[in-house]
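Student: Got a minute? I'd like to go through this model with you.
Tutor: Sure, put it up.

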Amino acid sequence: MPLTTPTFDGTLSYLTFLDSVQTYNVPHIKNSVTAPEIALCMAEQISQEAMHHQSYQYIIETVIQSDRRTQVYDFWRSDRILKLRCKFIAGLYQKYVDNSTPENYFVSLFADYLLEGLYFYNGFIFFYNLSSRMLMSGSADIFRMINRDELSHVRLYQKLIPEAMQIFPHSREQIYEMFALAVEHECKWTEHIVGDDILGITANSTK
Ligand SMILES: [Fe+2]
Ligand SMILES: [Fe+2]
């Protein structure tokens, strides 16, 4: 019998994707940054994202049985909702890589902010809920440390976005739209992978 549930596997798979995509995306953003102190913060961020990815890998390798590990890594390929979600997130970054305009730089930077500030936390809450009932407390310890790093990344983008708004072409409607879409996708995914099945989390509390 599997030791973990689809919620556990799916949440872990999604978080792994998020940190993995950051490891590859932030260097593209950083390439255009000339202020050394910001470049340094981003270099630190890239190194932390890679470490986070390695931490998830450690959890997967120690908690998931060997015959099911590939399934967890590939969850985003087999789960339709997660696949669409990952494609959307990666697509915003890819747009800038394929066509490096100032408009696309702003979108990429803002997508970073949404990822750091919004996308991780329902996943973290799932693990904190388990640990509040003395379940998977080792995993929750790892997530607490990752959570601390993510909040420092949010702070970095909180400082960068207002500066970028002075320089890069964008519209207020575009920002509201990106926020609304991010929230909508987050609710849809959490409803799909957690739903009302986990004690302490409901579709309503997610919203
Ligand atoms: Fe991270
Ligand atoms: Fe991060």
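Student: Which residues coordinate the iron ion (ligand 2)?
Tutor: E49 (OE), E116 (OE) twice, E150 (OE) and H153 (ND1), at 2.0 to 2.4 Å. Donors here are N, O and S atoms within 2.8 Å of the metal (3.2 Å for Na, K and Ca); water is not among the atoms, so sites may look incomplete. Keep in mind that this is a predicted model: local features need pLDDT of at least 70 and side-chain atom pairs count only at pLDDT 80 or more, while totals for chains, interfaces and linings use all residues. Residues are numbered from 1 along each chain as written, chains are lettered from A and ligands numbered from 1 in written order, and side-chain values use heavy atoms, without hydrogens and water.

Student: What spacing do the donors of ligand 2 follow along the chain?
Tutor: E-x66-E-x33-E-x2-H. E49 lies in helix α2 (residues 36-63) and E116 in helix α6 (residues 102-119), so this pair ties together parts 67 residues apart in sequence. Helices are DSSP runs (H or I, at least four residues), numbered from the N terminus.

Student: Are E49 and E116 buried or exposed?
Tutor: Both are buried. Buried means under 20% relative accessible area, exposed over 50%, partly exposed in between (1.4 Å probe, protein chains only). E49 is at 0%, so it counts as buried.

Student: How far apart are the two iron ions, and which residue coordinates both?
Tutor: They are 3.5 Å apart, and E49 coordinates both.

Student: And what are the protein donors of ligand 1?
Tutor: D19 (OD), E49 (OE), H52 (ND1) and E150 (OE), at 1.8 to 2.2 Å from the iron ion. H52 is buried too, with a relative accessible area of 3%. E49 and H52 sit three residues apart in helix α2, about one turn.

Student: What geometry does the ligand 1 site have?
Tutor: Tetrahedral, with angles of 86 to 133° among its four donor atoms. The cut-off for four donors is that all angles lie between 85 and 135 degrees. The ideal tetrahedral angle is 109.5 degrees.

Student: Switching topic. Which residues touch the most other members of the largest nonpolar core?
Tutor: F8, L18 and M42, out of 61 residues. Such a core is a set of buried Ala, Val, Leu, Ile, Met, Phe, Trp, Tyr and Cys residues joined through side-chain atoms within 4.5 Å.

Student: Which helix gives the most to this core?
Tutor: α6, with 10 residues.

Definitions and conventions. Helix = DSSP H or I, 4+ residues; strand = E, 2+ residues; numbered from the N terminus. Tetrahedral: all angles 85-135°; square planar, octahedral: opposite > 155°, others 65-115°.
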